[in-house]
Amino acid sequence: KNNDPAIALDNLYIANHLAGKRDAKKDLSRVHRLYFEIYRSNSDFEKAFEHFEKHFKLEKEIYSIESERKLKSLSIQYQFLNSEKERKIALQEKEIYKLKNVELAEANSRLVKLNEEKNEFIGIAAHDLKNPLSGILIYSKKLRTRIDKYSKEEISEIAAEMETASERMFKLIAKFLDINLIESGKRDFKFAEFNAAELLEQTISVSLNQANSKNIEIIRDCGDKMEIFSDHDSLEQILD
């Protein structure tokens, strides 16, 4: 908060040690998330990604533990309710059997729907990550195979494009791997006015090298100013 990364890193080191001794997974996850944010702000992307991986691994463990706890709780509740039903309505076994079938059918239907939503979510994540990753691969291949043909200025431009693509990937990963977002099934839309023409130009710029490699021409047919009221990140996904 005081914009002093050195003090922040010292305190995070202590926090990490204390949380590790207690095996406090939520605290450990938060520590690695803060490490990620500090290193990313300092453009140390290698360390940033290392801590983001640790954060994500811990979040998966937490999610798995909480899911197991919820399932056990539901199982206990179900057993209690079932025994109560058997005790209170011993003479209505046929009706109870029918009721169980309905409950199981409803539970199965909910599981199928959740699985479909999960698959859709993963599909969107994979698709959105493919473009910036393809851009990085194309730029790196250019540098590796034709580095002697580029000037320092051109190499700097290519490196800048790779950095932009990497930033986009970090942004997408951070957004898509937010466990709370996945659990809630909701998107955090932030509506505001902005120039969609600029966003369109940026999207084209990011995809241009990939398009050129496939002999695809991209033509932008709109003015330089196109003010709209929308969610910036969602429109960027759609245009991409």
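1. The expected span of a helix is 1.5 Å times one less than its number of residues. In this predicted model, helix H1 has 18 residues and should therefore span 26 Å; its end C-alpha atoms lie 25 Å apart, which agrees.

2. Helix H1 is followed by Asp23. The phi of Asp23 is positive, near 55 degrees.

3. What lines the second largest pocket? The lining is made up of Lys1, Asn2, Asn3, Asp4, Pro5, Ile7, Ala8, Leu12, Leu34, Glu37, Ile38 and Ser41. Helix H1 (5–22) and helix H2 (25–41) each contribute at least two residues to it. By type, the lining residues divide into 6 nonpolar, 3 polar and 3 charged. The volume of this pocket is about 350 Å³.

4. In soluble globular proteins, nonpolar side chains tend to be buried together. The largest nonpolar core here has 12 residues, among them Leu12, Val31, Tyr35, Phe45, Phe52, Phe170 and Ile173. At least two residues of this core come from each of H2, helix H3 (45–88) and helix H5 (152–176). H2 gives the largest share, 5 residues.

5. Two residues appear in both lists: Leu12 and Ile38 belong to the lining of the second largest pocket and also to the largest nonpolar core.

6. Which residues does Ile173 touch, leaving aside those up to four places away in sequence? Ile173 touches Phe49, Phe52 and Leu129. Of these, Phe52 is listed in the largest nonpolar core, as is Ile173.

7. There is also a second, separate core of 8 residues. It includes Leu143, Tyr150, Ile158 and Met169.

Terms used: Residues numbered from 1 in each chain as written. Predicted model: local features only at pLDDT ≥ 70, side-chain atom pairs only at ≥ 80, totals over all residues. Heavy atoms only, no water. 1 Å grid on protein atoms, 1.4 Å probe; cavity = no way out; pocket = protein on both sides within 12 Å on 5 of 7 lines; lining within 4 Å. Points joined across faces, edges and corners; volume = space filled by probe spheres on them. Helix = DSSP H or I, 4+ residues; strand = E, 2+ residues; numbered from the N terminus. Nonpolar A, V, L, I, M, F, W, Y, C, P; charged D, E, K, R; others polar. Core = buried A, V, L, I, M, F, W, Y, C linked by side-chain atoms within 4.5 Å. Buried < 20%, exposed > 50% of the residue type's maximum accessible area, 1.4 Å probe, protein only. Contact = heavy atoms within 4.5 Å.
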